[in-house]
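Subject: Structure handover

Hi,

Here is the structure I promised to pass on. Please load it first, then read the notes below.

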Amino acid sequence: MKRVLSGMQPSGQLTLGNYIGALKNFTELQHTHDCYFMVVDLHAITVPQEPAALREQSEAVAALYIAAGIDPSKANVFLQSHVRQHAELGWLFTTLTYMGELERMTQFKDKSAGKDSVGAGLFTYPSLMAADILLYNADLVPVGDDQKQHLELTRDLAHRFNQRFGDTYTIPEPYIPQVGARVMSLDDASNKMSKSNPNQGSFITMLDAPDVIRKKISRAVTDSGREVKFDPQNKPEVSNLISIYAQCSKKPVAEIEAMYDGQGYGPFKKDLAEQVVGLLEPIQERYRDIRASGELHSILREGAERASVQAEKMLRATKEKMGFLVL
Ligand code: TYM
């Protein structure tokens, strides 16, 4: 069985972009792959986090994984910080990564832009991400488009290690959806939808109440025309909304265009809001049940125990090859 690994940062509430770009694919891959889905809390602290919020968000992301359909008896669900091998292999890979490679990372450039002081962890973040993936010898990594560059670096580092120390690591492949790999912001379709955007109206979180979702979609920016047409070049905002509609309804884009032919944006936006509510409401209900059940900690403990066994094997093999005295 091929192996899948992916993770999400508990640095705020998960958005509809996180769901469409990645989480939805996690739930599909669990039926055919040996899966490892983490909450990457060690990555989240590369920017300052309030301790109580970090703890709450870590539980919330894990609960959302399960509420979205990940079955913890099929896939390993765990927190990155509960499997100590991540931090250790992360360090080993930091020493194999070149400064120039890290300097080229667009996520680092974006997140550090305009800041007076930037933590070193934000810079070395991609080496830890490579360690996350290689620690399980993952074949496939489901992510949104914005993680492509980090995945390429992971592949380069796996190659580098194999060449220097002998064949050890599988070269992982990204698994990026054809549609929905980059869900854009509702207030500006030149930015991706992101939980760190200060404008709350620019993103929909997976836990937004139905009326909040309706309000955000009714206020989403569109061009001054009235044609519901998928044309990312000339109509980026409407095209983004059509992509979201297509992902939520599982209808092809052409069918959506035909449904709203000649009707303008009003009815389209109204129905889109109901599609999003229809997708998220059952997830929110399951989320509340999971949080109330008190089962989350035991699920995370078991997930981490299973993951640690696998992680320890790769860490040991890596250390032996690098010349550490492994007793
Ligand atoms: P993070 O936490 O920023 O995002 C989690 C996942 O959601 C995807 N995503 C989106 N997809 C489509 N449209 C959007 N607007 C959108 N916003 C976010 C991301 O591409 C990602 O797949 N570095 C990673 C976390 C990570 C990781 C890993 C991922 C750490 N270690 C190992 C995979 C494997 C990150 O910051 O994702």
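A word on terms before the results: a cavity here is a set of grid points where a 1.4 Å probe fits but cannot get out. Note also that this is a predicted model.

Enclosed space

By that definition, the structure holds one cavity of 30 Å³ or more. The volume of this largest cavity is about 50 Å³. Which residues line the largest cavity? They are Met105, Gln107, Phe108, Lys111, Leu122, Tyr125, Pro126 and His150. Two helices, α6 (106-112) and α7 (120-134), each supply at least two residues of that lining. By type, the lining splits into five nonpolar residues, two polar and one charged.

Ligand site

How many residues surround the ligand? There are 27, and the closest are Gln9, Tyr125, Asp132, Asp146 and Val183. Tyr125 therefore turns up twice, since this residue lines the largest cavity and is among those closest to the ligand, where near means a heavy atom within 4 Å.

Three polar distances are worth having to hand:

- Asp146: a polar side-chain atom lies 2.4 Å from a ligand oxygen atom.
- Asn18: an N or O atom in the side chain is 3.0 Å from an oxygen atom of the ligand.
- Val183: a polar backbone atom is 2.8 Å from a nitrogen atom of the ligand.

On its own, the ligand has 700 Å² of accessible area, and the protein covers 97% of that. The shell around the ligand draws two or more residues from each of β1 (3-8), α1 (16-29) and α7. Helix α7 thus appears in the ligand shell as well as in the cavity lining. The shell residues comprise twelve nonpolar, ten polar and five charged.

Annotated motif

An unreviewed UniProt entry annotates residues 10-18 as a short sequence motif, the 'HIGH' region. In the model, that span is 33% helix and 0% strand. Its end C-alpha atoms lie 12 Å apart. Asn18, with its side-chain contact to the ligand, falls within the annotated range.

Second largest pocket

What volume does the second largest pocket have? It comes to about 260 Å³. The lining is made of 14 residues. Nearest the centre of this pocket are Arg182, Phe230, Pro232, Ser239 and Ser243. Eight of the lining residues are nonpolar, five are polar and one is charged.

Best wishes

How values were computed
Residues numbered from 1 in each chain as written. Predicted model: local features only at pLDDT ≥ 70, side-chain atom pairs only at ≥ 80, totals over all residues. Heavy atoms only, no water. 1 Å grid on protein atoms, 1.4 Å probe; cavity = no way out; pocket = protein on both sides within 12 Å on 5 of 7 lines; lining within 4 Å. Points joined across faces, edges and corners; volume = space filled by probe spheres on them. Helix = DSSP H or I, 4+ residues; strand = E, 2+ residues; numbered from the N terminus. Nonpolar A, V, L, I, M, F, W, Y, C, P; charged D, E, K, R; others polar. Polar contact = N/O pair within 3.5 Å; in protein donor to acceptor, adjacent residues only side chain to side chain. Areas by Shrake-Rupley, 256 points an atom, 1.4 Å probe, with all protein chains shown as cover. UniProt positions renumbered as here; feature names shortened; annotations may be inferred.
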